[in-house]
Amino acid sequence: MTTTTRPSGDTPEQMSSRLRSFLLRQEVILLIISLLAVMFLAFGSDRFLTANNLLNQGRLLTEIGLVALSMTFIIITGGIDLSVGSILGLCAIVLGVMWDPKGAFAFPLEVAVLICLLVGIVAGFVNGLIIVRLGVPPLITTLATLALYRGLAEGISQARSVRGYPEEFYVLGQGEFLGVPTQLWVLLIFCIITAVVLSRTVFGRATYAIGNNELGARFSGLPVGRYKILIYTFSGFMAALAAWIFVSRVSTTRSDMGSGLELDAIAAVVLGGTSIFGGSGSIIGTIIGFILIQLLKNGLALSGVTTDGTIVVIGTVLILAILVNNFIQRRSGNG
Amino acid sequence: MPPEQPPILEMGHISKRFAATQALSDVSFVLHPGEVHALLGENGAGKSTLIKIISGVHKADSGSIAIDGQPVSFNNPREAQARGIATIYQELSLYPDLTVAENIFMGHAPRRKFGPVSVLDWDAMFSRAQELLESLNITDMDVRRKVGTLTVGNRQRVEIAKALSLNARVLIMDEPTAALTEADVQRLFEIVRLLKTRGVAIVYISHRLAEVYEVCDRVTVLRDGHYIDSKPVSATTEADLVSMMVGRTIDNLFPKITAKIGQPVLEVRNLTRKPLTRDVSLTVRAGEIVGLAGLVGSGRSELAQVIFGFTPAESGEIRIDGKVVKVRTPGDAMRHGIAYVPEDRGTQGLVRQMRVRENVSLTVLRSLASGLFINSQSERQLAEEKVKEMGVKTPSIEQIVGKLSGGNQQKVVVGKWLATHPRVLIMDEPTRGIDVGAKAEIHRLMSELAGQGLAIIMISSELPEVLGMSDRVLVMRGGQFVAEYSREEATQEKVVTAMMTEHGSTAA
């Protein structure tokens, strides 16, 4: 939940109890864990804590980050979206196939990008429609569309990859602006937008209300169905945006892009303190969550830990973070 | 109950503290076999804490508990159960997808040897469940039926049978009649009397004083966690009990002030949504309180939810101030000035995990927003204003609503709906499960609102409330209005007769 400014004039006891509850927030604990991890990893390799490496990691985390932002909204409503990785793959393929000068369409790049984003929006909208209008649980719906969208991507791609994009297309994924990778700016903008929307707008408040008590939200006259469809549609859009950045970063298009992305995104959101049962969570937590995951991946790799080992470590950190959080929540009587 | 019989349960000088709240301080409670002992107090007086200590859910910080004169200490509900203490909570704890018999014998089902393995003995389970129910004079229930398909009253009977299957000698009933219809209440009382003759001691918690006089022998009153007094019921009057509970005298439980009745505000014509709203027509005027009486399942809440657009009508029309309006969603209803305080504040009326401020503003977020953003200053102002106006007792508007008492929660629900400036206010069981003091405040508020020209529909299963508050009483049965009485004409007998003729009983 958001922190609110209260009238000044608090007694010292109130201040110290507020300080205590601030320090016990999952976001703060996570931040401390992250800093510890960074310190630890910096010992493992002297290449880790360099501006160059960290900025480069920023490039790599943008796609997960974007998807995790919209995933935060979904999980706060008590839902889940497993299909984001497949939407990313589908959108990437659509982008390539629409642009491919040797292919059937050969559209200008701008049009291809637009179609890519549109496909993401439609894919997310379809998820929302099935969940809201047909009442199929989000887990089942997006598990089905996870297979469906990936299947479409593979069908459209015919196992071919599209490459050879014009130079200017790579600005987004490989270029920089003011010394910072271009896509990090995109991520930053969306971090700010989503954080403000979630904490300050009617829509954000409704998101929490739906997650805590959907029936109560409906009885309060909130257009719950419309809001939920909007949230899943936004998730599709973010996956499409991530697809665009992904293709631009790796200079090629393949149908298996983004597989497994949903797990990283969900892990980041949950690590960031958003309850998997819905009702509570924050964007700032998610941001720390995806940064921590990326830092661990990179730092461990640089320290010579194998990929398998890295996954084990990330899983362990996730479980530890949740256990610590549960423990603290119970101690402070909020659990 | 002969007083010379030794007590079955003795609790002495019990204290219990939760974080900042002293829930109980130095409370004593003595229970004899074969007595029905009412435990009274406003919400927050410590009744729930006391029964949770008896049933092993909580442990007392200090004090003693003795059963049959032997000191005991329960670490968990199982240990209490083993000593013959059973609790029937407000929220029934049955498994809806299992049969009556399975629910009764959950955890201790009869088994038989099948070679080396022991398997469930279904025949024995069904026949023993049948016997148990028959011993409670319940002959109209199929033990093979799924509990989810039973009425609330029947589910409660299953709960009682379950407690007896564990050889309960102390039965704690926490507001057993809160969700029951008049007929079910009578059947419950029969069972209570039957158990009494068998020497079962019953702790009876209820907000309805009439029930205390009807079935209870002794009464113990708690207030703010303190023991006030324990007396034979026959030695008290209703006014005594109320003043013991609230620490002040309340002259009139239903402070009805007749308001000037004006033009029709809400007119409903031939409204239909099958199966429980059938061709209903109704007019409510400004300043008028219309009471809807009926058994549970008669279609009162369903009608309210059709008018409110939660389950929109299939046919018929709704007029506000003479103009036909389309109500397809609760949002539409709100825009046309219809507000609905739902039956269940926990799941429908509030978002319990959220703050008082956030709950009050939930209905009017759009109008509090400048552009897309919630104006937090006007939000706080609105919340402060409603908390004051409703007299919500809360440390601050930042309090989590779920931590307030039932009465205060209900005031928040009413407040959030008054924030929409409605013309028509539908209140569904507005005082269910709330304490006497809060109840009187809600009633006074209703009179005030009517005085300001609001048209009010009140749905209530408590007849004295319906008769006390309404200018007009409409009786529903099977999704239709079957009788209408003016305030002067309406009597308990007439209304009950209209509610129950044809079916006579609601046994399912």
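Three short exercises on this predicted model follow, each with a worked solution.

Residues are numbered from 1 along each chain as written, while chains are lettered from A and ligands numbered from 1 in the order of writing. Local features need pLDDT of at least 70, side-chain atom pairs count only at pLDDT 80 or more, and totals for chains, interfaces and linings use all residues.

**Exercise 1. Judge the confidence in chain B.**

Start with pLDDT, the predictor's confidence in each residue, from 0 to 100. Chain B averages 88, and 94% of its residues score at least 70. Next, find the weak stretch: residues 503-508 of chain B fall below 50. Where pLDDT is low, predicted coordinates should not be read in detail. For the complex, the predictor gives an ipTM of 0.84 and a pTM of 0.75.

**Exercise 2. Describe the side of chain B that touches chain A.**

Count contacts (C-beta atoms, placed from the backbone, within 7 Å). 24 residues of chain B meet 19 residues of chain A. Then list the elements of chain B giving two or more residues: helices H10 (330-335), H11 (345-349) and H13 (365-368), and strand S20 (373-374).

**Exercise 3. Place B:Arg285 and decide whether B:Arg285 is buried or exposed.**

First, locate B:Arg285 in strand S14 (residues 277-285) of chain B. Second, apply the cut-offs: buried means 20 or more other C-beta atoms within 10 Å, exposed 12 or fewer, partly exposed in between. B:Arg285 has 20, so B:Arg285 is buried. Third, look beyond four places in sequence: its contacts include B:Ile261, B:Pro264 and B:Ala455. B:Ala455 is 170 residues away in sequence, yet 5.6 Å away in space, C-alpha to C-alpha.

Methods
Two residues are in contact if their C-beta atoms, placed from the backbone, lie within 7 Å. Helices (H or I, at least four residues) and strands (E, at least two) are DSSP runs, numbered from the N terminus.
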